[in-house]
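Trainee: I would like to go through this model with you and ask, for each term we use, what entitles us to use it. Could we begin with the ligand?

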Amino acid sequence: MVVNIALGKDGMIRITGPARIDVKRGKILLVGASYGAGSSVVIHSLRSYCIKALEETELAITLGSGATVEEPSEGEEVLDVWLKICDDLAGDLNNLKNIEVFVVGPIESGKTTLSAFISNYFIQRGRRVAIIDADIGQEDIAIPTTIALTEPKHTFVWQRDLRPVKIKFVGCISPQYCQAQLMIALNELLSESKNNYEVIVVNTDGWVTTHQALEFKLNMIKWLKPTHVLVLDQEIWEYLSNALPSDIKVINVPRPFKVKERSREDRRRLRAEAYRRYFSEAKDRDLNIKDVKLIGSCLLNGKKISTDELKSLVKAPEEFINKVIHASKYFNAINIFVENIAYIPRIEAVQGYEVNIVRPQDIEGLIVGIVDDKLRDVAVGIIRKLDLKNGIIKVFTPWRGNIKALIVGRVKVSLNTFEDSTRISRCVI
Ligand SMILES: Nc1ncnc2c1ncn2[C@@H]1O[C@H](COP(=O)(O)OP(=O)(O)O)[C@@H](O)[C@H]1O
Ligand SMILES: [Mg+2]
């Protein structure tokens, strides 16, 4: 269905995708970027946005299934406030030469949209802009479990349209399980790129509603020292501005009034879409275990133990022992790699020992970070198979260069559906 809409100068409409907007006459502002007559923009089915007419405008809007168009009520739309915040940032940029803006807020509060808005605002003013997507759970630039930097040269609607320039592996999709990894990855990305851009916008994750979460955000800000923190939530803004010295500008930003809400399932699908895209060019690579380090593996980094030694440490049925491919130990942990068995029998260990049993199906799909010769994070892979008989680990990855090490993540990804699942504590490989 196509609807034709005429807007007077400063008129606004809110559109929920899937939709395509053709600007027939005039000029609009969408996510901080302006589009003139003849241009056309697409709104994804899981997004909604507000459009403002910068002059008298005529639009032809093609609505897909479930799409809506409505006029926001007086005072409902936040776009003008966002523009004013960008003007203030631009003023600070003139004085400071570089700004680093952290965008903080709960899930669905508008972090991704605000990050895009600020970026577009500065791209249109000819500034060198980078966006770091540090939201490991809903990472749009690269894939979940990573954070990534992109360097948009042109205005855009959604970060998903952009490609990563640099990517750092974190290994989790929930920051609470990878706090150190996330903090260090972000620190590395920022310090490697600081001098290359005038504006760096960092989109953070939505883990903000517990004390531990806020403390983590506070430490992130204190250690990484952005010039500005934009907060899309009144209470979080109060907490952060009370806690931080005034050298860091902590700004309260109103969040979009009415948004297209995404369910847990929608977010899961978005993650799957991101993995599928990233791995679309991937190939299987056979890596020699002797040459590649496996950082974070309990099984392969422990001291290898013989069957006799294993038998002296654990009491297990003979048919189970016969299926053991590899066993190792360190301190009080015994790690056993066993052939595909449907049922794990009861195994008793000598007092004080803990037993980890790993089966091939537990390893298959495990996400790993790829480290190159210079010990840099360069890509991500998915473990297909651990073939200890031939000393090979098979990894599915788009990376074609040398691999010095793999970093074990806490997430598994299905190679059929690209859906992910998290393993938190147990030894997986
Ligand atoms: N001004 C707006 N009006 C209506 N919907 C909006 C507006 N700005 C953003 N949205 C929508 O709100 C939803 C959540 O925004 P998003 O930026 O993805 O939040 P977050 O990154 O915090 O999860 C998205 O569907 C987005 O398209
Ligand atoms: Mg987001």
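Mentor: Let us begin with its location: in this predicted model, ligand 1 sits in the largest pocket.

Trainee: What makes us say that ligand 1 "sits in" the pocket?

Mentor: The term requires that more than half of a molecule's atoms lie within 2 Å of the pocket's grid points, and ligand 1 is assigned to the largest pocket on that basis.

Trainee: Which residues surround ligand 1, and how many are there?

Mentor: There are 19 residues around ligand 1, and the closest are Arg-47, Ser-48, Lys-111, Thr-112 and Thr-113. A residue enters this shell if one of its heavy atoms lies within 4 Å of the ligand. By class, the shell divides into eight charged, six nonpolar and five polar residues.

Trainee: Why is the approach of Glu-108 to ligand 1 called a polar contact?

Mentor: A backbone N or O atom of Glu-108 lies 2.9 Å from an oxygen atom of ligand 1; the limit for such a pair is 3.5 Å, so the term applies. A backbone N or O atom of Ser-109, at 3.1 Å from an oxygen atom of the ligand, also qualifies. With Arg-262 the partner is instead an N or O atom in the side chain, 2.9 Å from a ligand oxygen, and this pair likewise meets the limit.

Trainee: How much of the accessible area of ligand 1 does the protein cover?

Mentor: On its own, ligand 1 has 560 Å² of accessible area, of which the protein covers 97%.

Trainee: Which parts of the chain supply the shell?

Mentor: Domain 1 (2–70) and domain 2 (79–273) each contribute at least three residues, while β7 (48–53) and α2 (111–123) each supply at least two. The chain also has domain 3 (277–295 + 362–422) and domain 4 (302–359), and the C-alpha centres of domain 1 and domain 4 lie 62 Å apart.

Trainee: How do you know that the peptide bond from Gly-17 to Pro-18 is cis?

Mentor: Its omega is near 5°, and the bond is assigned as cis; Pro-18 is found in the loop between β2 (12–16) and β3 (19–25).

Notes:
Residues are numbered from 1 along each chain as its sequence is written. Chains are lettered from A and ligands numbered from 1 in the order in which they are written. This is a predicted model: local features need pLDDT of at least 70, side-chain atom pairs count only at pLDDT 80 or more; totals for chains, interfaces and linings use all residues. Side-chain values use heavy atoms; hydrogens and water are left out. A polar contact is a pair of N or O atoms within 3.5 Å; within protein, one must be able to donate a hydrogen and the other to accept it, and residues adjacent in sequence count only if both atoms are side-chain atoms. Accessible areas come from the Shrake-Rupley method with a 1.4 Å probe; for residues, only the protein chains shown count as cover. On a 1 Å grid over the protein atoms alone, a cavity is a set of points where a 1.4 Å probe fits but cannot get out, and a pocket is an open set with protein on both sides within 12 Å along at least five of seven lines; lining residues have an atom within 4 Å of a point. Helices (H or I, at least four residues) and strands (E, at least two) are DSSP runs, numbered from the N terminus. Ala, Val, Leu, Ile, Met, Phe, Trp, Tyr, Cys and Pro count as nonpolar, Asp, Glu, Lys and Arg as charged, and the others, Gly among them, as polar. Domain bounds come from an automatic or database domain assignment.
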